[in-house]
Amino acid sequence: MKKIVVLISGSGANLQAIIDACQAGEINGKIVSVISNKAKAYGLTRAKKAHIPTALFERKNFANNLEMDRAIAKHIETVEADLVVLAGYMKILSDEFTMRFAGKILNIHPSLLPKYKGLHTYQQALEAGETEHGTTVHFVTPELDSGAIILQAKVPIFPEDEVSDIEERVKAQEIQIYPLVIKWFTTDRLKEKNGKAYLDGQLLPENGYANE
């Protein structure tokens with residue numbers, strides 16, 4: 001059984017989906033720690049309700065970002081985590097951190113990468129007149145939102161939509177696909193090699209597993 005660490009900054013909706021999947025036996029893993037950089041993140045409450053150990057690392061308590069990342073990395077190694085899952089962790093990780101856990105860090109980003117990296121992706125898609133948006137699970141590398149894509153889910157954008165409408169559709173997809181990708185990793189089906197994602201030994205396409 002793989003040991004999983006989840007990093008959060010907010011409400012923890014994806015965290016809850018992962019907790020539920022672990023408890024249901026759908027993921028061959030155990031969340032050994034939930035780490036937050038925000039003391040008031042509701043995800044910490046979700047973790048405590050599920051009797052999962054939590055850890056708080058706030059930027060104000062460290063000399064710089066790198067020192068904070070090193071402290072988090074030390075904690076991750078102390079709990080002997082096999083997988084680091086970013087679930088709404090709103091802080092850019094240092095190159096040193098991402099390279100330290102290369103091939104063992106997953107992130108979910110609310111866009112169809114490589115489109116719309118960074119923040120405010122729903123607004124960007126709306127302003128660009130897109131007819132679809134979505135979410136992407138990918139391996140994490142030093143370059144922001146640029147690691148090998150594992151799985152994407154698409155949602156429609158209708159002419160009358162507001163940001164909240166698109167966000168709601170995307171989040172509904174996220175809680176479905178993130179636990180699935182974690183399941184692949186914990187059963188050793190998913191691997192990262194030389195910056196590429198492989199499922200069952202087969203190289204995945206640039207846009208990830210074709211589930212359509």
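Begin by selecting helix α1: its buried residues (buried meaning under 20% relative accessible area, with a 1.4 Å probe and protein chains only) pack against β1 (2–8), β2 (29–36), α2 (42–49), β4 (83–86), β5 (105–109) and α6 (163–186). Helices (H or I, at least four residues) and strands (E, at least two) are DSSP runs, numbered from the N terminus, and contact means heavy atoms within 4.5 Å. The model is predicted: local features need pLDDT of at least 70, side-chain atom pairs count only at pLDDT 80 or more, and totals for chains, interfaces and linings use all residues. Residues are numbered from 1 along each chain as its sequence is written, and side-chain values use heavy atoms, with hydrogens and water left out.

**Helix α1**

Restrict the selection to residues 13–23 and colour Asn-14, Leu-15, Ala-17, Ile-18, Ile-19, Ala-21 and Cys-22, the buried residues of α1. Then step to Gly-25, just after α1, where phi is positive at about 80 degrees.

**The sheet**

Display the strands next. Seven of them form an open sheet of mixed pairing, in the order β3-β2-β1-β4-β5-β6-β7; two strands pair if DSSP finds at least two bridges between them. At the edges are β3 (54–56) and β7 (149–156), each pairing on one side only. From one strand to the next, the twist averages 20 degrees.

Select strand β6 (residues 132–139), which pairs with β5 in the antiparallel sense over four bridges. Within this pair, Leu-106 stands opposite Phe-139, and Asn-107 stands opposite His-138. Toward β7, seven bridges join the antiparallel strands β6 and β7, with Gly-134 opposite Lys-154. Because seven of the eight residues of β6 are buried, this strand is largely enclosed by the rest of the structure.

**Helices across the sheet**

Add helix α3 (residues 65–78), which lies across β1, β2, β3 and β4 and runs at about 160 degrees to β2. Such angles run from 0 to 180 degrees between N-to-C directions, the axes being lines fitted to C-alpha atoms, for helices over the stretch in contact. Then add α6, lying across β1, β4, β5, β6 and β7 at about 155 degrees to β7.

**The nonpolar cores**

A nonpolar core is a set of buried Ala, Val, Leu, Ile, Met, Phe, Trp, Tyr and Cys residues joined through side-chain atoms within 4.5 Å. In the largest, of 37 residues, those with the most contacts inside the core are Ile-4, Val-6, Ile-31, Val-34, Ile-150, Tyr-178 and Ile-182. Helix α6 supplies the largest share of this core, six residues. Apart from it lies another core, of 20 residues, among them Leu-7, Ala-55, Val-79 and Val-84.

Centre the view on Val-6. Leaving aside neighbours within four places in sequence, Val-6 is in contact with Leu-15, Ile-31, Ser-33, Val-34, Ile-35, Val-85 and Ala-87.

**Lys-2**

Finally, select Lys-2 in strand β1. A polar contact (a pair of N or O atoms within 3.5 Å; within protein, one must be able to donate a hydrogen and the other to accept it, and residues adjacent in sequence count only if both atoms are side-chain atoms) of 3.1 Å joins the side chains of Lys-2 and Asp-188.

Note on methods: Buried < 20%, exposed > 50% of the residue type's maximum accessible area, 1.4 Å probe, protein only.
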